Each structure stands twice: as structure tokens, then as C-alpha cells.
Amino acid sequence: MLTINKTDRLCHAASVDALRTGMIARCAVIAQQLRRPVRFEVTDDTQTWQLAIRPEGYVQLIDDAGKIPPADGLTVHTGPCRICRHTQPITAAKCEQCGIAGPHRVDVQVVGPPAEHVIEQTPPTGTPAPATRPTLRLFLSTAHEPVDVDSAAIGRRPEPVDGRRPIAVHSPGRMLSRTHALVDVDNAGQILVTDHHSGNGVQTATEPPMIFQPGRPYVVQPGTTLVLGDVTCRIELR
């Protein structure tokens with residue numbers, strides 16, 4: 001949890017290191033806006049640290065007298081992009097490699113109430129199937145060609161969950177679970193996506209991202225891009 005001016009912001013990342021870097025990057029944005037160093041406190045289960053972040057991206061401990069020491073000899077804090085994992089300064093507004101805004105962003109909006117492009121699915125009762133059910137076209141960031149399927153189980157070594165077609169995907173950092181996400185088309189021709197209790201979650205590539213709760217199907221609009229660990233997947237209908 002990141003607290004700014006007494007307002008709590010839920011944060012999520014693939015690792016503790018990424019979470020720490022993202023929170024520091026958020027403080028760096030505030031320092032840049034104020035054009036001065038910003039003090040912040042980091043607390044875990046056993047310890048608290050008093051730190052400061054400079055607009056240039058330098059992170060340093062506050063001394064025993066409560067003062068911020070000179071930045072002599074310090075280097076800019078860096079971390080991997082939340083999408084492509086390219087390492088870059090925490091002051092980067094856009095990723096130097098994939099171009100996404102806020103490459104270190106970790107504060108999130110949890111999916112709950114219906115949103116414009118993602119809503120939680122209530123299983124339909126008695127909904128007639130369309131005359132021709134559309135199929136899915138998946139554009140995976142680590143695959144050379146799109147994949148056309150009726151339904152899919154996506155992961156590094158996925159199981160054919162309830163008859164879905166297993167789609168094995170290369171995961172450079174092994175952040176994709178063996179069976180990470182399920183993608184279907186319902187009787188109304190809507191795209192359904194379910195986080196299959198993955199290790200690194202499913203979220204939209206939006207600002208802010210929206211996190212899917214494990215085991216719950218969500219309706220997504222055609223063209224939505226999802227982040228599955230270190231892989232992205234854009235979903236279309238055809």
C-alpha cells in the first residue's frame with residue numbers, strides 16, 4: 001500500500017523488487033512536480049526507513065539529524081519496465097523500448113464495478129447461441145503469428161482445461177504460469193477471460209491497469225490487450 005497525503009493506493013507487481021521500484025518511481029514523480037527532494041517512509045513487518053527521493057531519481061537515507069545529505073556519488077535508481085522488462089531510470093515517463101507510459105507504475109485499480117471495457121461476467125441463463133459463433137484471434141507478444149481458436153488455455157505448459165485448446169507461450173522471464181489464463185466466447189458472442197489462479201495475475205494494459213480476480217470470468221471488448229506476467233496478449237474476434 002502506498003499512502004500519499006493520507007490517501008491509500010493499492011499497489012501490485014510481479015515481485016517485491018518491482019513493487020519497491022514502482023513505489024519509489026511514484027515518489028520521484030511527486031519530487032519532479034515539486035522541484036525538490038521528497039521525504040518518504042518505508043515500513044515492512046519488522047523495520048521502518050526514512051528515505052528521500054530527488055527529482056533526478058536519486059534515492060538516499062535521511063541522516064540521524066533528519067537532514068537529506070548531498071547526492072554526491074549517487075546513481076539514478078533503475079528498474080525493469082512492467083511490460084517488456086527493459087531496465088531504465090525510474091524517472092522515465094515512457095518505456096525506452098516498448099513505449100508504454102508509466103513503465104514502473106504499480107498503483108492499480110482493482111476490477112470490481114463494471115467498467116467501459118471490462119466487466120465481471122454473470123453466467124447467462126437461457127441465452128440463445130448466435131447462428132455463427134465468432135472465434136478468437138490471439139496476438140501474443142512472444143509469438144510470430146496470431147493464433148485462431150474457439151477457446152484457449154494460455155500458459156507455458158498449459159492443460160486443456162475443460163476441453164480448451166492449450167496454447168503454449170514462450171515466457172522469457174518464466175513469469176507466465178503453466179496454465180495462466182482461460183479465454184472463451186460465450187453464447188452472446190462476448191469474449192470471456194479468466195485468471196486461472198496464476199502466480200503473476202492477469203491485468204489490462206491500461207492506465208491504470210485493472211486486475212482480474214482469480215477464478216472469475218470477465219467480459220472484455222475486442223482489441224483489449226492483457227498483461228500475463230511478462231507476456232502481453234491482444235484479443236480480437238473474427
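Is Tyr218 buried or exposed, and what is its relative accessible area? Select Tyr218 in the viewer, bearing in mind that this is a predicted model, and you will be looking at a buried residue with a relative accessible area of 0%.

**The aromatic pair**

Keep Tyr218 on screen and add Phe212, which is also buried, with a relative accessible area of 1%. The structure holds one aromatic pair. The centres of the rings of Phe212 and Tyr218 are 4.8 Å apart and their planes stand at 35°, so the pair is described as tilted.

**The whole chain**

Now zoom out to the protein chain, where one helix and 20 strands can be traced. Of its 238 residues, 40% count as buried. If you consider the contacts with a separation of 6 or more, 43% of them in the protein chain are between residues 24 or more positions apart.

**Salt bridges, beginning in the helix**

The structure holds six salt bridges, and a few of them make good next stops. Select Arg20 and Asp17, whose side chains meet in a salt bridge at 2.9 Å, N to O. Both residues belong to helix H1 (residues 16–34), where they are three residues apart, about one turn of the helix. Arg20 is partly exposed, at a relative accessible area of 44%, whereas Asp17 counts as exposed, at 53% relative accessibility.

Move on to Arg137 and Asp148, which form a salt bridge whose closest N and O atoms are 2.7 Å apart. Arg137 is in strand E10 (residues 136–140) and Asp148 in strand E11 (residues 147–149), so this pair ties together parts of the chain that are eleven residues apart in sequence. Arg137 is partly exposed, with a relative accessible area of 27%, and Asp148 likewise counts as partly exposed, at 31% relative accessibility.

With Asp148 still selected, add Arg238, since Asp148 forms a salt bridge with Arg238 too, the closest N and O atoms being 3.6 Å apart. This pair links distant parts of the chain, for Asp148 is in strand E11 while Arg238 is in the segment after E20, 90 residues apart. Arg238 itself is exposed, with a relative accessible area of 52%. Shown together, Arg137, Asp148 and Arg238 are linked in a network of salt bridges.

**A charge over a ring**

Next, select Arg234 together with Phe139, and you will find that Arg234 lies over the face of Phe139, at 4.0 Å from the ring centre.

**Asp230 and its surroundings**

Then go to Asp230, in the loop between strand E19 (224–228) and strand E20 (231–237). Which side chain of opposite charge is nearest to Asp230, and how far away is it? The nearest is Arg85, at 6.3 Å, and Asp230, although buried, has no salt bridge. The side chain of Asp230 does make a polar contact with the side chain of Ser171, at 2.7 Å. If its neighbours within four places in sequence are left aside, the residues in contact with Asp230 include Ile83, Pro172, Gly173, Arg174, Met175 and Leu176.

**Last stop: Gly102**

Finally, select Gly102, which is found in the loop between strand E7 (87–89) and strand E8 (109–110). A line drawn from its C-alpha to that of Ile90 spans 9.3 Å, and the two residues are twelve residues apart in sequence. Apart from neighbours within four places in sequence, Gly102 is in contact with Arg82 and Ala93.

Conventions. Residues numbered from 1 in each chain as written. Predicted model: local features only at pLDDT ≥ 70, side-chain atom pairs only at ≥ 80, totals over all residues. Heavy atoms only, no water. Helix = DSSP H or I, 4+ residues; strand = E, 2+ residues; numbered from the N terminus. Buried < 20%, exposed > 50% of the residue type's maximum accessible area, 1.4 Å probe, protein only. Lys, Arg positive; Asp, Glu negative; His and termini not counted. Salt bridge = Lys/Arg side-chain N within 4 Å of Asp/Glu carboxyl O. Polar contact = N/O pair within 3.5 Å; in protein donor to acceptor, adjacent residues only side chain to side chain. Contact = heavy atoms within 4.5 Å. Phe/Tyr/Trp six-rings, centres within 6.5 Å; stacked < 30°, edge-to-face > 60°. Lys NZ or Arg CZ within 6 Å of the ring centre and 35° of its normal.
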